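Here's a quick tour to read alongside the structure. Keep the 3D view open and look up each piece as it comes along.

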Amino acid sequence: MLEIPTLNCAGTLLRLDRPLIMGVLNVTPDSFSDGGLFATRESAVAQARKLIADGAAIIDVGGESTRPGAETVPLEVELERVIPVISALRTELDALVSVDTSKPEVMRAAVAAGAGMINDVNGLRAAGAMDVAAASGAAVCVMHMQGTPRSMQNQPRYRDVAAEVGAFLSGQAEALRARGVERERIVVDPGFGFGKTLAHNIALFRGLPALVAMGYPVLVGVSRKSMVGSLLGDRPITDRMTGSVAAAMLAAHAGARILRVHDVRETADALAILEALSGQDTGGA
Ligand code: 9MG
């Protein structure tokens, strides 16, 4: 009998036999596309409740914007933004929470407050991040980014973007394994839009099956990103939902296991149709 793949989120096992939806919950005043609408604890809990009702299995809570050009925020500010929200989501909703952070101190505090997953767009490159993530017991999403959010779109360069991103992700995953982290806790993510031109993003997207073949669950985040806007003729951020859902479905069909999205209900509907009509599960092309 085939074993069902799972993701171990600090003891909570998530089945990965079909793609899961990670709903975005930014608790920043300057967030990328929702304008910081969810900056208070109560509004954040209400929004998370809606994301879960709409079909999100994971709520990704971020207190530092990662949009292109964004500045880092001080540690204390990030802690003040995310920790009360994570605690509230755990106690009031029993939600599975992911913390979107690159700071080891925030990772540690977030897992202590109940987060089951660490989502690091910096790929655990900060001093101490790899060790804290390894010791946390939480699932860990390692994302690729060239540069930092502040500088990443200043002429990103690669010789072979898919090969370089794949090599980085497998190196970081192996470094986690060397620290005793089980495969069932590791997720990899090519980091669409993070230090990549449109051509890089397209090449990476077409390379998703090779990334899936590495054997770690792949997370894809394309929701409302500029690559979607560019492919639709420079659409504003407020008009990228259909394109985002289409790209998420292609990613699922290529084998992505977690889809990080803003528009949860629409993505869940599209996934249901994909699964029903493709005649296969969405376990890979
Ligand atoms: C926080 N964040 C914004 N975009 C993201 C993406 O594409 N992947 C992951 N893992 N996190 C993201």
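What follows goes through the sheet, then the helix pairs, then two residues in loops.

Keep in mind that this is a predicted model. At its heart, for our purposes, is an open sheet of eight strands with parallel pairing. Three helix pairs get a closer look too: H3 with H4, H5 with H6, and H9 with H10.

**The sheet**

- Walk across the sheet and you meet the strands in the order E8-E7-E6-E5-E4-E3-E10-E9.
- Which strands stand at the edges? They are E8 (186-189) and E9 (219-220), and each has a single partner strand, so one side of each has no neighbour in the sheet.
- If you're wondering what holds such an arrangement together, strands of a sheet pair through backbone hydrogen bonds, and the pairing can be parallel or antiparallel.

**Strand E3 and its two partners**

- Is strand E3 (residues 20-26) enclosed or open? Seven of its seven residues are buried, so the rest of the structure largely encloses E3.
- Leu20, Met22, Val24 and Asn26 point one way from E3, while Ile21, Gly23 and Leu25 point the other way; every one of these is buried.
- On one side, E3 pairs with strand E10 (residues 258-261) in the parallel sense, over four bridges.
- E3 also pairs with strand E4 (residues 58-62), again in the parallel sense, this time over five bridges.
- Gly23 is a handy landmark here: its bridge partner in E10 is Val261, and its bridge partner in E4 is Ile59.

**Strands E4 and E5, with a helix on the sheet**

- E4 has a parallel pairing with strand E5 (residues 97-100) too, over four bridges.
- To find that pairing, look for Val61, which stands opposite Val99 in E5.
- Helix H2 (residues 75-93) packs on the sheet and touches E3, E4 and E5. The direction of H2 makes about 160° with that of E4.
- In E5, Val97 and Val99 point one way and Ser98 and Asp100 the other way, and all are buried.

**Helices H3 and H4**

- A bit of background for this and the next two topics: two packed helices are described by the angle between their axes and the distance between the axes.
- The axes of H3 (residues 104-112) and H4 (residues 129-136) come within 9 Å and cross at roughly 15°.
- Angles under 35 degrees count as roughly parallel, and H3 and H4 are therefore roughly parallel to each other.
- H3 passes H4 in a left-handed crossing.
- From H3, the residues that meet H4 are Pro104, Met107, Arg108 and Val111; they meet Ala129, Val132 and Ser136. By type, the residues of this contact are five nonpolar, one polar and one charged.

**Helices H5 and H6**

- H5 (residues 161-178) and H6 (residues 198-206) have axes that come within 8 Å and cross at roughly 65°.
- H5 and H6 are therefore roughly perpendicular to each other.
- The crossing of H5 past H6 is right-handed.
- Val161, Ala162 and Val165 of H5 make the contact with His200, Ala203 and Leu204 of H6. Those residues divide into five nonpolar, one polar and no charged.

**Helices H9 and H10**

- For H9 (residues 241-253) and H10 (residues 264-278), the axes come within 10 Å and cross at roughly 40°. That makes H9 oblique to H10.
- H9 passes H10 in a right-handed crossing.
- On the H9 side you'll find Met241, Val245, Ala248, Met249, Ala252 and His253, which meet Glu266, Thr267, Ala270, Leu271 and Leu274 in H10. The contact has eight nonpolar, two polar and one charged residues.

**Two loop residues to look up**

- Ala10 has a positive phi of about 50°, although Ala10 is not a glycine. Look for Ala10 in the loop between strand E1 (6-9) and strand E2 (12-15).
- Ala10 is partly exposed, with a relative accessible area of 43%.
- Gln155 has a positive phi of about 50° as well, and Gln155 is not a glycine either. Its place is in the loop between strand E7 (139-143) and H5.
- Is Gln155 buried or exposed? Gln155 is exposed, with a relative accessible area of 61%.

Key. Residues are numbered from 1 along each chain as its sequence is written. This is a predicted model: local features need pLDDT of at least 70, side-chain atom pairs count only at pLDDT 80 or more; totals for chains, interfaces and linings use all residues. Side-chain values use heavy atoms; hydrogens and water are left out. Axes are lines fitted to C-alpha atoms, for helices over the stretch in contact, and angles run from 0 to 180 degrees between N-to-C directions. Angles under 35 degrees count as roughly parallel, over 145 as roughly antiparallel, 65 to 115 as roughly perpendicular and the rest as oblique. A crossing is left-handed if the near helix is turned anticlockwise from the far one by less than a right angle, and right-handed if clockwise. Contact means heavy atoms within 4.5 Å. Ala, Val, Leu, Ile, Met, Phe, Trp, Tyr, Cys and Pro count as nonpolar, Asp, Glu, Lys and Arg as charged, and the others, Gly among them, as polar. Buried means under 20% relative accessible area, exposed over 50%, partly exposed in between (1.4 Å probe, protein chains only). Two strands pair if DSSP finds at least two bridges between them.
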